[in-house]
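Please follow the account below with the model at hand, beginning where protein meets nucleic acid and then moving into the protein interior.

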There are 2 protein chains.
Amino acid sequence: MSLRYALLAILRVGPLSGYDLQKQFSQSVGHVWYAPDSQIYPELRKMNADGLIEPEEQTRGERGTRIVYHVTDAGEQAFLAWMRSPLSYQRVRDPAHLRAAYLEAAEPADARRFFEAHIAEWESELEQFEGELHHIDALSNPMLVRRLAVTPDAERERTIEYKRFAYEGLVERAKGEIGWARRGLELVDRLYPDVDANADADAEAS
Amino acid sequence: MSLRYALLAILRVGPLSGYDLQKQFSQSVGHVWYAPDSQIYPELRKMNADGLIEPEEQTRGERGTRIVYHVTDAGEQAFLAWMRSPLSYQRVRDPAHLRAAYLEAAEPADARRFFEAHIAEWESELEQFEGELHHIDALSNPMLVRRLAVTPDAERERTIEYKRFAYEGLVERAKGEIGWARRGLELVDRLYPDVDANADADAEAS
DNA sequence: CTCATCATGTAAGGAGTTACATGATTGG
DNA sequence: CCAATCATGTAACTCCTTACATGATGAG
């Protein structure tokens with residue numbers, strides 16, 4: 001249900017085609033709300049049917065066409081209404097902590113691999129989030145720049161600060177997950193003291 | 001896809017009916033993987049069709065029947081195979097951080113309400129996780145006690161430690177979210193210095 | 001002319017949500 | 001005998017995933 005609001009958030013700063021939208025998406029909102037193009041195109045149609053956006057057909061070359069979507073008044077209102085409404089939280093479905101709770105059923109080597117993969121996963125996320133933070137500070141994120149261009153002066157600080165703040169939260173979460181998994185590796189070493197392998201190296205590195 | 005492994009994790013400690021399973025579920029694995037009964041019953045059937053569990057029909061009173069499910073060898077193998085396999089991470093879909101990134105579009109009062117709801121949500125989670133931790137330490141979680149009863153001595157410490165560790169991670173995450181949202185409230189106060197209201201009270205409370 | 005990129009999808013299926021539906025048993 | 005709880009689902013729908021499908025344009 002949040003997909004359409006994620007799309008509106010981007011379209012609100014200016015009309016885009018489905019294709020461009022998808023590109024922008026993966027570089028901005030995509031960090032907090034993933035969506036593949038096979039989901040974006042149909043959603044745009046539904047949003048059009050619901051009157052939240054309006055298509056404008058443009059020619060491209062001799063015969064090519066592309067459709068850029070504008071946010072309608074109804075779309076703007078829907079976005080603001082969502083902002084005012086209480087957020088509906090999703091139920092927890094956390095495969096990593098599910099597995100962690102039953103790791104005694106795994107070989108120590110597999111437990112280690114699990115935590116290492118968890119670290120790798122979150123380090124890759126962390127890198128993205130920190131990259132975004134730098135782009136925000138350096139005003140080098142194209143979406144943010146476009147947004148600021150259509151934002152009244154008084155709102156500019158807030159626009160930047162809230163974005164910063166959101167990504168700071170994501171960075172902290174990623175660091176928390178990494179820290180937890182590192183302690184997980186230590187735990188495996190502690191629970192299987194006789195199994196050597198790369199265990200010692202791991203323990204000293206942290 | 002993890003649902004069936006969550007179910008196997010519980011059934012592995014002893015046969016249960018769908019009804020009992022559902023009860024146990026909400027008090028144990030349910031903390032990391034939510035599932036309503038309308039999802040559990042069909043999944044049990046599919047698992048039966050796939051040969052992972054076996055139904056045993058029992059009479060109950062004069063005419064009532066109930067079906068208890070046993071894990072088959074194939075089921076046990078499937079669980080262990082899952083434990084060995086790399087975990088597939090879900091794509092991010094985080095409505096809270098999505099909204100936070102665009103809060104400049106909200107009234108300050110709505111931004112505050114949003115962060116307060118976030119705090120309330122995670123405090124309720126936190127309470128559950130900390131309750132679980134106490135149950136683990138006091139050995140007062142019925143599922144854990146049943147599990148330990150069928151666990152060889154050498155595995156007992158690991159069983160307890162991994163469970164503890166999983167919940168510690170959840171507790172930290174919850175605390176992280178709460179801390180972030182508290183700083184969110186301070187940020188709102190900073191960005192709207194002229195709006196008073198309950199702002200001062202909030203700032204002092206934290 | 002050919003390849004990268006622009007541009008827009010469909011189709012099939014699995015997972016999850018919400019709401020509804022029904023009947024037996026046991027304790028007070 | 002009545003209410004709580006034991007017991008087991010179905011139906012309709014939305015959301016998401018994975019894989020496939022197709023054709024135009026512009027740069028070299």
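In this predicted model, a backbone N or O atom of A:Ile67 lies 2.8 Å from a phosphate oxygen of DNA strand C, and a polar side-chain atom of A:Arg91 is placed 3.2 Å from a phosphate oxygen of that strand. The bases are also reached, since an N or O atom in the side chain of B:Ser38 is 2.8 Å from a base oxygen of DNA strand C.

Around DNA strand C there are 23 residues, of which A:Tyr19, A:Arg45, A:Arg93, B:Ser38 and B:Arg63 come nearest; of the strand's atoms that come within 4 Å of the protein, 74% belong to sugar and phosphate. By class, this surface has ten charged, seven polar and six nonpolar residues. At least two residues of the surface are supplied by each of α2 (18–27), α3 (37–49) and β3 (64–71) of chain A, and likewise by α3 (37–49) of chain B.

Turning to the interior, A:Leu11 sits in helix α1 (residues 3–11) of chain A and counts as buried because its relative accessibility is 2%. Beyond its neighbours within four places in sequence, A:Leu11 is in contact with A:Leu16, A:Leu21, A:Leu44, A:Ile53, A:Tyr69 and A:Val71.

The largest nonpolar core holds 124 residues, and those that touch the most other members are A:Phe25, A:Phe115, B:Phe25 and B:Phe115. For B:Phe115, again leaving aside neighbours within four places in sequence, the contacts are A:Phe165 of the other chain together with B:Leu103, B:Trp180, B:Ala181, B:Gly184, B:Leu185 and B:Val188.

Key: Residues are numbered from 1 along each chain as its sequence is written. Chains are lettered from A and ligands numbered from 1 in the order in which they are written. This is a predicted model: local features need pLDDT of at least 70, side-chain atom pairs count only at pLDDT 80 or more; totals for chains, interfaces and linings use all residues. Side-chain values use heavy atoms; hydrogens and water are left out. A nonpolar core is a set of buried Ala, Val, Leu, Ile, Met, Phe, Trp, Tyr and Cys residues joined through side-chain atoms within 4.5 Å. Buried means under 20% relative accessible area, exposed over 50%, partly exposed in between (1.4 Å probe, protein chains only). Contact means heavy atoms within 4.5 Å. A residue is near a molecule or strand if one of its heavy atoms lies within 4 Å of it. A polar contact is a pair of N or O atoms within 3.5 Å; within protein, one must be able to donate a hydrogen and the other to accept it, and residues adjacent in sequence count only if both atoms are side-chain atoms. Helices (H or I, at least four residues) and strands (E, at least two) are DSSP runs, numbered from the N terminus. Ala, Val, Leu, Ile, Met, Phe, Trp, Tyr, Cys and Pro count as nonpolar, Asp, Glu, Lys and Arg as charged, and the others, Gly among them, as polar.
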